[in-house]
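Reader: Could you take me through one part of this model in detail? I would like to hear about the nonpolar patch on the surface, and then how it sits beside a buried spot and the pocket.

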Amino acid sequence: MSSITELMPFVVLIPLIAGPVCALLPGRGLPWVLATLAMTTAFILAAMVLAAVFDGGTLSYAFGDWAPPVGIEYRVDAANAFVALLITGVSAILLPWGKPLVDAEVPERQGSFYALVLIALAGLLGITLTGDVFNVFVFLEISSLATYGLIAHGRDRRALIAAFRYLIMGTVGATFLLIGIAVLYILTGTLNMVDIAERLPVTEGARALQVGLGFVVVGLAIKLALFPLHHWLPNAYTYAPSLISALIAATATKVALYVMLRFIFDVFGAAYSFAALPLAAGLMALAIGSMFAGSWLAIMQRNLKRMLAYSSVAQVGYMVLGVSLTTLAGLSAAFLHLFNHGLMKAALFASAGLIAYRCGGLAMSDLRGIGRQMPWTLTAFALAGVSLVGLPPTAGFISKWYLLSAAVEADQLWLVGLILITSLMALIYIARVVEIAWMQPRPEDAPTVQEAHWTLLLPVWVLVAANFWFGIDTRLTVGGATRAAQALAGGVWS
């Protein structure tokens, strides 16, 4: 156990150190190799940390042997170990897949590009593992600044506007979070999460504490792209390079949800958070808005990546809906969908990336009849879409099943109908792509498109296979989500 504790910080440090090294490497091959090796190593370490947490409970590492609350602490339980596994696992699969696409979309200065990728991922992992609230803000800014630069690498000039819009919205969100953290520090005199939680009860009557909670929740809701604070997300996902769209769609909003839950449950405390503010009702209303608005806007889109982007807004709604039920089953369903949606959206954006790589565009009109020319890619997209809709035997079905069960257990039967309706809406926009690609004829003047090489298809099919594997064997996903929920709310909710 002690050896794993000593290795735990390297989940963050390896990509954080490898990033600047990548910027110094020449050419295209060496930066990609280093980035892939760094994230593969981080994935192995994250898997070891998760296993150690499952076996022995919470791990704590004090940097420089300065014991908290004086020093900075990495504190890992089942919740953040589960999220770290998703971030590193998806990254380790997507980085090998993305090299030819990066060569086509970012032909120059790839050293700095992969440096930004690693720094963004290191920031997400730092947010996930740290036990210090100011450290959360620092890593959030590290990740966000790198992500703005990555989005701006898109070939379309609108990528610059998308990156700038994300920068504005992201800065507002980060400022709100920083104000909330400042309030916590003023009230408690500490930045360590555990120490704050111990000192807060004596200040529970303070109006300032309610204000701090409100700033934290709103700031992270912007980062989460929770409706109606989602406007940065569609353009960011649409115009970013294909590798970046897949990476941030699978990881960034998941980390934002995790850190919001960490603040609500571990820092402020669930009993106070849901009593001080109408969080349950507010989150439920916004979740339902996300589910319907995201699904409806996805149906209306004429660009494949933009459709998937609005789909992500809807899927965020499902996660937040689970939290709003204020039960352990609902929180477990939220963590389960957090993990499974990362796998679904990585597979869908990776498939879309291959289509763009071969076709040169992702307008729905470009997809007519392409299923016959790229059968492996479009089949992978369709199967990942089956998981997104929530049909058995996929990971998406398991997510929806546990969410429906949690709604029934909470006596919120009316939510069952809303979940089913929005799932049918997802079926509409996924089926529309399948119909265009497979059932419509290829225009006579359209160029012939070749199927992607097997080395590009293999990572995509690994993600598709994971969606089906975790729909059958749920020990890791359901077990991890249940332990994650218990780590946060086991002592408060039943």
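Author: Happy to! A helix here is a DSSP run of H or I at least four residues long, numbered from the N terminus. Please keep in mind that this is a predicted model.

With that in hand, the patch is easy to place. Helix α3, residues 29-56, gives the largest share of the nonpolar patch, 3 residues. The patch as a whole is formed by Leu7, Phe10, Phe43, Ile44 and Met48, and together they have about 410 Å² of accessible area. Leucine 7 belongs to helix α1, which covers residues 2-7. Its relative accessible area is 35%, so leucine 7 counts as partly exposed, a class that lies between the 20% and 50% limits.

For a contrast, turn to valine 216 in helix α9 (residues 207-224). Valine 216 has a relative accessible area of 1%, and because buried means under 20%, that residue is buried. Beyond its neighbours within four places in sequence, valine 216 is in contact with Phe176, Leu177, Gly180, Ile181, Phe263 and Phe268. Its C-alpha atom is separated by 21 Å from that of valine 76, a residue 140 places away along the chain.

Last comes the pocket. The largest one has a volume of about 360 Å³. Its lining has 17 residues, of which Asp156, Thr238, Tyr239, Lys305 and Leu362 are the closest to the centre. Two helices, α10 (233-239) and α14 (304-324), each supply at least two residues of that lining.

Note on methods
Residues are numbered from 1 along each chain as its sequence is written. This is a predicted model: local features need pLDDT of at least 70, side-chain atom pairs count only at pLDDT 80 or more; totals for chains, interfaces and linings use all residues. Side-chain values use heavy atoms; hydrogens and water are left out. Buried means under 20% relative accessible area, exposed over 50%, partly exposed in between (1.4 Å probe, protein chains only). Contact means heavy atoms within 4.5 Å. Patches are made of residues with over 30% relative accessible area and no salt bridge: like charges are joined within 9 Å, nonpolar side chains (Val, Leu, Ile, Met, Phe, Trp, Tyr) within 5 Å. Accessible areas come from the Shrake-Rupley method with a 1.4 Å probe; for residues, only the protein chains shown count as cover. A salt bridge is a side-chain nitrogen of Lys or Arg within 4 Å of a carboxyl oxygen of Asp or Glu. On a 1 Å grid over the protein atoms alone, a cavity is a set of points where a 1.4 Å probe fits but cannot get out, and a pocket is an open set with protein on both sides within 12 Å along at least five of seven lines; lining residues have an atom within 4 Å of a point. Grid points are joined across faces, edges and corners, and a volume is the space filled by probe spheres set on the points.
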